[in-house]
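Subject: Handing over the structure, with notes

Dear colleague,

I am passing this structure on to you, and I would be glad if you could look through it before reading my notes. The sequence and the structure come first, and my remarks come after them.

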Amino acid sequence: ILMTLMIYVTAVALGQMIADAGETNSQLMEEEPDLFKYYRDLPRTFITLFQAMTGGVDWNDLMVPLETKVSPMLSVFFVAYISFSVLAMMNVVTGIFVDSALASSKRDQDALVAQRIHE
């Protein structure tokens, strides 16, 4: 849920920045096909950000249209998103799975010890 919320908030912010740039240049989406392909609406932006986080699309392919057609500062925004999502969020998710596996192993070990005591 936390990852979904983070992706959603980032998609809304990114979509708003692109919409603001579109106000000054009404042909923005036509001039850059990749911008339309990856960021045409909120659901597509959400999927694009998920793909960026999980390795489905190369980060550079997603960042270049933002940097060249919208604002060079969006590359900083995008790198911050990737850094946070990959380094922080994925480590939290991995930690949850490892903790669950360790707890399961401990329960199995306790059950085995109890079984041997009863023998």
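What follows is an account of what was found, taken helix by helix and then residue by residue.

Please keep in mind throughout that this is a predicted model, and that residues are numbered from 1 along the chain as its sequence is written.

I begin with helix α1, which covers residues 2-24. At 1.5 Å a residue, the 23 residues of α1 should span 33 Å, and the end C-alpha atoms of the helix are 34 Å apart, which agrees. The buried residues in α1 are Met3, Met6, Ile7, Thr10, Ala11, Leu14, Ile18 and Ala21, and these pack against α2 (28-31), α3, α4, α5 and α6.

Helix α1 also contributes to the surface, since a nonpolar patch of about 430 Å² is made there by Leu5, Tyr8, Val9 and Val12 together with Leu42. The largest share of this patch, 4 residues, comes from α1. Tyr8, one of the residues of the patch, lies in helix α1 and has a relative accessible area of 42%, so it counts as partly exposed, the range for that term running between 20% and 50%. When neighbours within four places in sequence are left aside, Tyr8 is in contact with Leu42 and Phe46. In the case of Phe46, the two residues are 38 places apart in sequence, while their C-alpha atoms are 6.2 Å apart in space.

The next element I would point you to is helix α4, made of residues 42-54. Its 13 residues should span 18 Å at 1.5 Å a residue, and the end C-alpha atoms are 18 Å apart, in agreement with that expectation. Within α4, the residues Arg44, Thr45, Thr48, Leu49, Ala52 and Met53 are buried, and the buried residues of this helix pack against α1 (2-24), α3 (33-39), α5 (59-70) and α6 (73-118).

Both ends of α4 have a local feature that can be found in the model. At the start of the helix, a side-chain oxygen of Asp41 reaches to within 2.9 Å of the backbone nitrogen of Arg44, and the side chain of Thr45 in turn reaches the backbone oxygen of Asp41 at 2.8 Å. Just after α4, Gly55 takes a positive phi of about 90°.

Thr45 itself, which has its place in helix α4, deserves a separate look. Why is Thr45 counted as buried? Its relative accessibility is 1%, and a residue is called buried when this value is under 20%, so Thr45 falls within that class. Apart from neighbours within four places in sequence, Thr45 is in contact with Ala11, Leu14, Tyr38 and Tyr39.

One of these contacts, Tyr38, is placed in helix α3 and counts as buried at 9% relative accessibility. Leaving aside neighbours within four places in sequence, Tyr38 is in contact with Arg44, Thr45, Thr48, Val57, Asp61 and Leu62. As a further reference point, Tyr38 and Met17 are 21 residues apart in sequence and 14 Å apart in space, taken from C-alpha to C-alpha.

The last element in these notes is helix α6, residues 73-118. Side chains of opposite charge can pair when their charged atoms come close. How many salt bridges does the count come to? The count comes to 1 salt bridge, and it is formed by Asp110 with Lys106, the closest N and O atoms being 3.2 Å apart. Because they are 4 residues apart in helix α6, Asp110 and Lys106 are separated by about one helical turn. Each partner counts as partly exposed, Asp110 at 40% relative accessibility and Lys106 at 46%.

Also in helix α6 is Asp108, which is exposed, with a relative accessible area of 52%. Asp108 and Phe36 are 72 residues apart along the chain, and their C-alpha atoms are separated by 52 Å.

With kind regards

Note on methods
This is a predicted model: local features need pLDDT of at least 70, side-chain atom pairs count only at pLDDT 80 or more; totals for chains, interfaces and linings use all residues. Side-chain values use heavy atoms; hydrogens and water are left out. Helices (H or I, at least four residues) and strands (E, at least two) are DSSP runs, numbered from the N terminus. The expected span of a helix is 1.5 Å times one less than its number of residues. Buried means under 20% relative accessible area, exposed over 50%, partly exposed in between (1.4 Å probe, protein chains only). Contact means heavy atoms within 4.5 Å. A polar contact is a pair of N or O atoms within 3.5 Å; within protein, one must be able to donate a hydrogen and the other to accept it, and residues adjacent in sequence count only if both atoms are side-chain atoms. Patches are made of residues with over 30% relative accessible area and no salt bridge: like charges are joined within 9 Å, nonpolar side chains (Val, Leu, Ile, Met, Phe, Trp, Tyr) within 5 Å. Accessible areas come from the Shrake-Rupley method with a 1.4 Å probe; for residues, only the protein chains shown count as cover. A salt bridge is a side-chain nitrogen of Lys or Arg within 4 Å of a carboxyl oxygen of Asp or Glu.
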